Amino acid sequence: MTDRTAVRTGLLTVDGATLHHEVRGEGPLLVMMPGGSADAGIYDAIAADLADRWTVATFDPRGYSRSALDGPVTDQSPATHADDIVRLIESLSPDGAPAALFGSSSSAVVALAALARHPGRLSRVVAHEPPVVALLPDPEAGRALFAAVREAFRRDGVAAAMTTMAAGLAPEEGEAAPGPERAAAGSEQSAAAEEPTTPEQTADQAATQGQAPTPEQAATFRRMHANLPVFLEHVLCPFSGYVPDLVALKASAAHLVVGVGRDSRALLPAVAAEGLARRVGAGVAEFPGGHIGLTEHPRAFAARLRDVLAAP
């Protein structure tokens with residue numbers, strides 16, 4: 001019997017980069033895009049759970065981990081990353097069958113660009129909390145926050161950047177802070193990755209449950225940490241500043257589901273996500289946990305994603 005969770009790895013040449021990708025399972029193609037400073041490893045548990053129903057493809061975004069750029073890193077574009085996704089779909093689905101696409105946080109921005117630019121290649125798109133400041137009640141405040149995060153990184157490094165991020169995303173005084181933002185506001189060790197997902201947060205969650213990180217998880221954490229300078233300097237502001245093509249998204253709204261975390265609905269990414277759903281008429285699905293629910297509750301998150309993808 002074939003082991004559907006066995007990983008098949010490959011390299012794909014795209015314009016200006018070579019993408020490392022990993023494939024599990026059989027069935028319709030599902031591409032899962034990592035956000036923040038994460039790479040394919042962030043989806044190991046979820047991909048294994050879904051491999052009984054889908055061919056699950058994960059990958060390292062260009063310029064991260066094992067996906068080398070042909071030249072020096074520059075500011076990244078959601079449109080370029082969206083075109084990478086379509087090249088990956090074409091390579092893994094040569095018969096032209098459309099694929100399902102999942103993205104969280106910064107990669108949810110890529111999901112929106114992919115649907116707007118290549119609707120015919122996508123059967124369903126789940127965009128979990130894309131932090132698109134153009135869709136906020138006060139877009140200028142959102143732009144100022146992320147610009148301040150990047151400036152803090154340039155001036156004082158990663159820990160300062162993540163402290164600035166955590167303060168900007170914190171709920172109003174008097175509200176209880178969700179776990180991800182509270183954790184991100186801690187020590188330098190806990191302030192070591194995306195907005196605000198950190199490798200150490202994932203490790204802390206495993207430790208809380210009495211589990212030590214596996215060698216594979218430890219390797220993922222190290223790669224995520226190494227990706228942070230690229231994320232903070234070249235991804236955070238261009239992606240959060242992306243202006244979605246609302247006309248194109250409205251035309252494809254039947255294929256779009258906007259995800260929000262049960263515990264993060266008052267925070268910037270979820271507010272932007274629900275604003276998007278209202279503007280284009282897309283459905284909204286609540287997922288377990290907060291902005292980083294996929295690492296907080298991977299099994300429950302995978303179960304909810306299964307339901308959302310399988311819904312008529």
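This passage describes the confidence, nonpolar cores, aromatic contacts and one buried serine of a predicted model.

The protein chain has an average pLDDT of 88, and 86% of its residues reach a score of at least 70. Confidence is not uniform along the chain: over residues 172-210 the pLDDT stays under 50. For this segment the model has 84 contacts beyond four places in sequence.

In soluble globular proteins, nonpolar side chains tend to be buried together. In the present model the largest nonpolar core comprises 62 residues. Val31, Met33, Ile85, Leu101, Phe146, Leu232 and Leu256 are the residues with the most contacts inside this core. Helix α3, spanning residues 106-117, supplies nine residues, the largest share of the core. Apart from this core lies another, of 23 residues, which includes Met32, Tyr43, Leu50 and Ala302. Within the largest core, the surroundings of Leu256 can be listed explicitly. When neighbours within four places in sequence are left aside, Leu256 is in contact with Leu112, Leu115, Val125, Ala127, Val280, Ala282 and Gly283.

Three aromatic pairs were counted. One of them joins Tyr43 and Phe102 in an edge-to-face arrangement, with 6.1 Å from centre to centre and 80° between the planes. Tyr43 is located in the loop between β3 (29-33) and α1 (44-50), whereas Phe102 belongs to strand β5 (residues 99-104), so the pair ties together parts that are 59 residues apart in sequence. Both Tyr43 and Phe102 are buried. These two residues, together with Phe287 and Phe301, form one aromatic cluster.

Charged side chains also lie over aromatic rings. Arg304 is placed over the face of Phe287, a member of the aromatic cluster, at 6.0 Å from the ring centre. The charged end of Arg53 is found over the ring of Trp54, with a distance of 4.9 Å to the ring centre.

Ser105 is situated in the loop between β5 and α3. The relative accessible area of Ser105 is 2%, under the 20% limit for burial, and this residue is therefore classed as buried. Its side chain makes a polar contact with the side chain of His291, at 2.9 Å. The loop that holds Ser105 thus follows the strand of Phe102 and leads to the helix with the largest share of the 62-residue core.

Notes. Residues numbered from 1 in each chain as written. Heavy atoms only, no water. pLDDT = per-residue confidence, 0-100. Contact = heavy atoms within 4.5 Å. Phe/Tyr/Trp six-rings, centres within 6.5 Å; stacked < 30°, edge-to-face > 60°. Helix = DSSP H or I, 4+ residues; strand = E, 2+ residues; numbered from the N terminus. Buried < 20%, exposed > 50% of the residue type's maximum accessible area, 1.4 Å probe, protein only. Lys NZ or Arg CZ within 6 Å of the ring centre and 35° of its normal. Core = buried A, V, L, I, M, F, W, Y, C linked by side-chain atoms within 4.5 Å. Polar contact = N/O pair within 3.5 Å; in protein donor to acceptor, adjacent residues only side chain to side chain.
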